[in-house]
Amino acid sequence: MTAVILATACAIVYGTADFCGGLATRRSRVLSVVALSQVAGFALVLAMMPVLPGAASEAAISWGLGAGVAGAAGLVLFYRALAVGVMSVVAPTTAVTSAALPVLFGLVSGERPAVVQVVGVVLALLSVLLVSKGPSAEQPSSPASIAMALAAGAGFGGFFILLAQAPDGSGLWPLVGARLASISLVVLLAVVTRGTLKPGGGALGIIALAGVLDMAANVLYLLAEQQGLLSLVAVLVSLYPASTLVLARYVLGERLQANQVAGVAFALCAVALIAVAS
């Protein structure tokens, strides 16, 4: 039950971080938002080190670095796929892939959730598909954009899988490694593409908030996966688009489509089913 609570809280915080990041991209370039939010999150994890101490082993840092590379690569591929493809196809493809991979990895690794929890996992994956799907596109997505969306989902799923491999007792050191890797890759990308990292007017605060919330969600995920099965924790965390939608509805007044409302309902049912057998 502790893992369910932590993973659900993680999904809510991730969704809120994405909402803040989305607001920030309306005022600044995407690369600037990503880079500066990563730095803000890194500052938070360094400040939390005394609160959640751990052993700075080579394995902890290495798994963290691998997770950071996977996550940063996934982010770059995701934005690229959105740029050349159809959002209503790219977003759900990426989301479902990132949710399904940790589930498959957990099952292959020997995890055996209860039957009720498996039903919850199926509902959760369906929820992610529904809440991520926007209006129907008039034009079909290109094979290249779909391939990039799948690769982006693999990157995000790889982040969860690799981070979960860090040894017990590592504290926050895996997240230190992950953030060092992701910041390095984003800065390198900015140098190669000659992109600016300067934020737009009045955007720095919301960018910093997005980064802090993202790192807080990472901490919650790390704690959750230590308490429960990866196949369950990761799929609960993947429900984060539902909280982003709720915030968009009640903060920005955006209207939700019928499939998105159904997706939020499925998400609540999935959490309940997974929790009842925990």
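Visitor: How do H5 and H9 run: roughly parallel or roughly antiparallel to each other?
Guide: This is a predicted model, where local features need pLDDT of at least 70, side-chain atom pairs count only at 80 or more, and totals for chains, interfaces and linings use all residues. H5 and helix H9 (residues 230–237) pack at about 30 degrees. Angles under 35 degrees count as roughly parallel, over 145 as roughly antiparallel, 65 to 115 as roughly perpendicular, the rest as oblique. H5 and H9 are therefore roughly parallel.

Visitor: How far apart are the axes of H5 and H9?
Guide: Axes are lines fitted to C-alpha atoms over the stretch in contact, and angles between N-to-C directions run from 0 to 180 degrees. Helices are DSSP runs of H or I, at least four residues, numbered from the N terminus. The H5 and H9 axes lie 10 Å apart.

Visitor: Which residues of H9 meet H5?
Guide: Contact means heavy atoms within 4.5 Å. H5 brings Gln117, Val121, Ala124 and Leu125. The H9 side is Ser231, Leu232 and Val235.

Visitor: How many nonpolar residues has the contact of H5 with H9?
Guide: Ala, Val, Leu, Ile, Met, Phe, Trp, Tyr, Cys and Pro count as nonpolar, Asp, Glu, Lys and Arg as charged, and the others, Gly among them, as polar. Two residues of the H5–H9 contact are polar and no charged ones take part. The nonpolar residues number five.

Visitor: How do H5 and H11 run: roughly parallel or roughly antiparallel?
Guide: H5 spans residues 115–132, and H11 spans 258–276. Their axes are 7 Å apart, at an angle of about 160 degrees. H5 and H11 are therefore roughly antiparallel.

Visitor: Which hand has the crossing of H5 and H11, left or right?
Guide: A crossing is left-handed if the near helix is turned anticlockwise from the far one by less than a right angle, and right-handed if clockwise. H5 passes H9 in a left-handed crossing. The crossing of H5 and H11 is also left-handed.

Visitor: How many nonpolar residues are in the contact of H5 with H11?
Guide: H5 offers residues including Val116, Gly120, Leu123, Ser127 and Leu130. H11 offers others, among them Asn259, Gly263, Phe266, Cys269 and Ile274. Six contact residues are polar and no charged ones appear. The nonpolar count is 17.

Visitor: How do H2 and H8 lie, roughly parallel or oblique to each other?
Guide: H2 covers residues 30–48. H2 and H8 pack at about 50 degrees, with axes 7 Å apart. H2 passes H8 in a right-handed crossing. The two helices are therefore oblique.

Visitor: How many charged residues does the contact of H2 with H8 have?
Guide: H2 residues including Val33, Leu36, Phe42 and Met48 meet H8 residues, among them Leu204, Ile207, Asp214 and Val219. By class, 14 are nonpolar and four are polar. The charged count is one.

Visitor: Which residues does Leu220 touch, beyond those up to four places away in sequence?
Guide: Leu220 lies in helix H8, residues 204–227. Residues up to four places away in sequence are not counted. Leu220 then touches Leu6, Ala9, Cys10 and Val13.

Visitor: How far apart in space are Leu220 and Leu129?
Guide: In sequence, 91 residues separate Leu220 and Leu129. Residues are numbered from 1 along each chain as its sequence is written, and side-chain values use heavy atoms, leaving out hydrogens and water. From C-alpha to C-alpha, the distance between Leu220 and Leu129 is 23 Å.
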